[in-house]
Amino acid sequence: MITQFGILNTLIEPEGPLADRFYGLPFPGTYVVDEEGVVTEKFFNEHYATRTSAGTILDSALGRALRHEEAPAADHGAPRARFSAFLSDPQLTLEVASRLNVRVEMEDGYHIYAQPLPEDYYPTTVRLEPVSGLEIGEAVYPPTMPMRFDALDVTLNVYEGAADIAIPITAMAELFADGRETVDLDVVVDYQVCSDTVCYLPEEARLSLSAPIAGLLGR
């Protein structure tokens, strides 16, 4: 069955040092199917122990980031914009790939810039401060909307309304070494809010949330 699905883990060689214990395992993954049984998405990982979290799969299948009541979150208010950071899942689990979502909500009539941009413009960027034992991936930004500025004779990429940026994160063994129950996640958003006629000075928003760490036996 594994061979027929084409998911045999080819990184484990049949004659290699790991063959006795691990040869024949599949690449770990999940298929998402629609009501007709057609595969619409798939989530696979190279390492035999890594899995994609349920919250990440659900968000991707629905096409939007869900803010679950049981998941850790933080909020930050600023003039003309609001920010929130929340996990896709209630807790971090060993070698389970999850997401930290950062939502930026602009007031009506305002926008923030997005890549790609000409030189001298200020794009919105989101980063998660390094955490020992937490593997942090590149931030994934949503599609942009081109906006025409006749006074400048230029068309620029912007976000209006709300934009969700996702940061892939995976808890590794080092995070569980000292038996702690939570880990602090510090998020930094650099942005510049503009209207059709005015651009305010670039700003920085900081959010911090405490993420529970699942016990190894409860994986």
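This report covers a three-stranded sheet, the nonpolar cores, the salt bridges and two serines of a predicted model.

## Basis

The model is predicted: local features need pLDDT of at least 70, side-chain atom pairs count only at pLDDT 80 or more, and totals for chains, interfaces and linings use all residues. Residues are numbered from 1 along each chain as its sequence is written, and side-chain values use heavy atoms, with hydrogens and water left out.

Helices (H or I, at least four residues) and strands (E, at least two) are DSSP runs, numbered from the N terminus. Buried means under 20% relative accessible area, exposed means over 50%, and partly exposed lies in between (1.4 Å probe, protein chains only).

## The β8-β13-β15 sheet

Three strands make an open, antiparallel sheet in the order β8-β13-β15. The edges are β8 (125-128) and β15 (203-212). Each has a single partner strand, so one side of each is left without a neighbour in the sheet. Neighbouring strands are turned by 20° against each other on average, direction ignored. Here axes are lines fitted to C-alpha atoms, for helices over the stretch in contact, and angles run from 0 to 180 degrees between N-to-C directions.

Strands pair if DSSP finds at least two bridges between them. β8 and β13 (residues 182-191) pair over 4 bridges, in the antiparallel sense. V126 has V189 as its bridge partner in β13. L128 stands opposite V187.

In a regular strand the side chains alternate between the two faces of the sheet. β8 shows such alternation. V126 and L128 point to one face and are buried. T125 and R127 point to the other and are not buried.

## Nonpolar cores

A nonpolar core is a set of buried Ala, Val, Leu, Ile, Met, Phe, Trp, Tyr and Cys residues joined through side-chain atoms within 4.5 Å. The largest has 38 residues. Those with the most contacts inside it are F83, L92, L100, L185, V187 and V189. At least two core residues come from each of β4 (73-78), β5 (81-87), β6 (96-106), β8, β12 (162-171), β13 and β15. A second, separate core has 8 residues, including V154, L156, V158 and C194.

V187 has a broad list of partners. Contact means heavy atoms within 4.5 Å. Leaving aside neighbours within four places in sequence, V187 is in contact with A85, L100, V102, V126, R127, L128, A205, R206 and L207.

## Salt bridges across the sheet

The structure holds 8 salt bridges (a side-chain nitrogen of Lys or Arg within 4 Å of a carboxyl oxygen of Asp or Glu). R127, E129, D190, E204 and R206 are linked in a network of them.

In one pair, D190 and R127 have their closest N and O atoms 3.4 Å apart. D190 is in β13 and R127 in β8, 63 residues apart. D190 counts as buried because its relative accessibility is 15%. R127 is partly exposed at 37%. Another pair is R206 and E129 (3.6 Å, N to O). R206 is in β15 and E129 in the loop between β8 and β9 (134-136), 77 residues apart. Both are partly exposed: R206 has a relative accessible area of 45% and E129 one of 23%.

## The β10-β11 hairpin

β10 (residues 145-149) and β11 (residues 154-160) run antiparallel and are joined by 5 bridges. R148 stands opposite T155 in β11. The hairpin has 4 residues between the strands, and D153 takes a positive phi near 55°.

R148 and D153 also meet in a salt bridge through their side chains (2.5 Å, N to O). R148 is partly exposed at 43% relative accessibility. D153 is exposed at 58%.

## Two serines

S53 sits in the loop between β3 (51-52) and α3 (54-62). S53 counts as buried because its relative accessibility is 4%. Its side chain makes a polar contact with the side chain of T56 (2.8 Å). A polar contact is a pair of N or O atoms within 3.5 Å; within protein, one must be able to donate a hydrogen and the other to accept it, and residues adjacent in sequence count only if both atoms are side-chain atoms. Beyond four places in sequence, S53 is in contact with D89, V96, A97 and S98.

S60 lies in helix α3. A polar contact of 2.5 Å joins the side chains of S60 and E41. Leaving aside neighbours within four places in sequence, S60 is in contact with E41 and F43. The C-alpha atoms of S60 and V33 are separated by 12 Å, with the two residues 27 apart along the chain.
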